[in-house]
Amino acid sequence: MAAEHRRFEIQGRVQGVFFRQSTRAEAQRLGLTGYARNNADGTVTIEAEGTPDALAALEAWCHQGPPAARVDRVEVSRGGAVQGFADFSIAR
């Protein structure tokens with residue numbers, strides 16, 4: 001199955017609650033590559049690539065996040081060009 005690319009914008013209490021680290025662990029568990037990054041406006045951006053099923057599982061996870069998070073909104077952009085990330089990292 002061909003890899004797909006998705007971008008997730010997560011809003012809520014998602015910084016300072018290990019959201020990026022937890023996302024990396026979940027993405028690695030699902031076999032995804034990409035990154036998670038904090039933004040100046042308090043949101044988190046996730047770029048992820050992998051199978052459609054794994055990306056759907058990450059999307060579902062993003063609506064909950066780690067235990068200390070409060071997710072208010074998840075915006076998903078589908079169909080971007082596959083970047084070919086080597087692994088899943090935490091961007092600064």
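A salt bridge is a side-chain nitrogen of Lys or Arg within 4 Å of a carboxyl oxygen of Asp or Glu. With that term in hand, and keeping in mind that the structure on your screen is a predicted model, you can begin the tour at one such pair.

**First stop: Arg7 and Glu9**

Select Glu9 together with Arg7, and you will find a salt bridge between them, in which the closest N and O atoms are 3.0 Å apart. Arg7 has a relative accessibility of 28%, and therefore counts as partly exposed, since that class lies between the limits of 20% and 50%.

**Second stop: Arg73 and Glu75**

Now select Arg73 and Glu75, which also form a salt bridge, here with 3.3 Å between the closest N and O atoms. Glu75 counts as partly exposed because its relative accessibility is 32%, and Arg73, at 46%, is likewise placed among the partly exposed residues. Before you leave the pair, add Glu47 to a selection of Arg7 and Glu9, because these three residues are joined into one network by salt bridges that share partners. In the whole structure there are seven salt bridges.

**Third stop: two helices side by side**

Next, colour residues 19–30, which make up helix α1, and residues 52–62, which make up helix α2, and turn the view until you can follow both axes, which come within 10 Å of each other and cross at roughly 155 degrees. Because angles over 145 degrees count as roughly antiparallel, α1 and α2 are described as roughly antiparallel to each other. The crossing in which α1 passes α2 is right-handed.

Which residues of α1 and α2 make the contact? On the α1 side, show Phe19, Ser22, Thr23, Glu26 and Leu30, and on the α2 side show Ala54, Ala57, Leu58, Trp61 and Cys62. Sorted by kind, the residues of this contact comprise seven nonpolar, two polar and one charged.

**Last stop: Glu26 and Arg29**

Keep Glu26 of α1 in view, as it is one of the residues in the contact with α2, and add Arg29 to the selection. Glu26 and Arg29 form a salt bridge whose closest N and O atoms are 2.8 Å apart, and both residues belong to helix α1, where they lie three residues apart, about one turn of the helix. Is each partner buried or exposed? Glu26 has a relative accessibility of 14% and so counts as buried, whereas Arg29, at 60%, counts as exposed.

Note on methods:
Residues numbered from 1 in each chain as written. Predicted model: local features only at pLDDT ≥ 70, side-chain atom pairs only at ≥ 80, totals over all residues. Heavy atoms only, no water. Axes fitted to C-alpha atoms, helices over the stretch in contact; angles between N-to-C directions. Helix = DSSP H or I, 4+ residues; strand = E, 2+ residues; numbered from the N terminus. Parallel < 35°, antiparallel > 145°, perpendicular 65-115°, else oblique. Left-handed = near helix turned anticlockwise from the far one by under 90°. Contact = heavy atoms within 4.5 Å. Nonpolar A, V, L, I, M, F, W, Y, C, P; charged D, E, K, R; others polar. Buried < 20%, exposed > 50% of the residue type's maximum accessible area, 1.4 Å probe, protein only.
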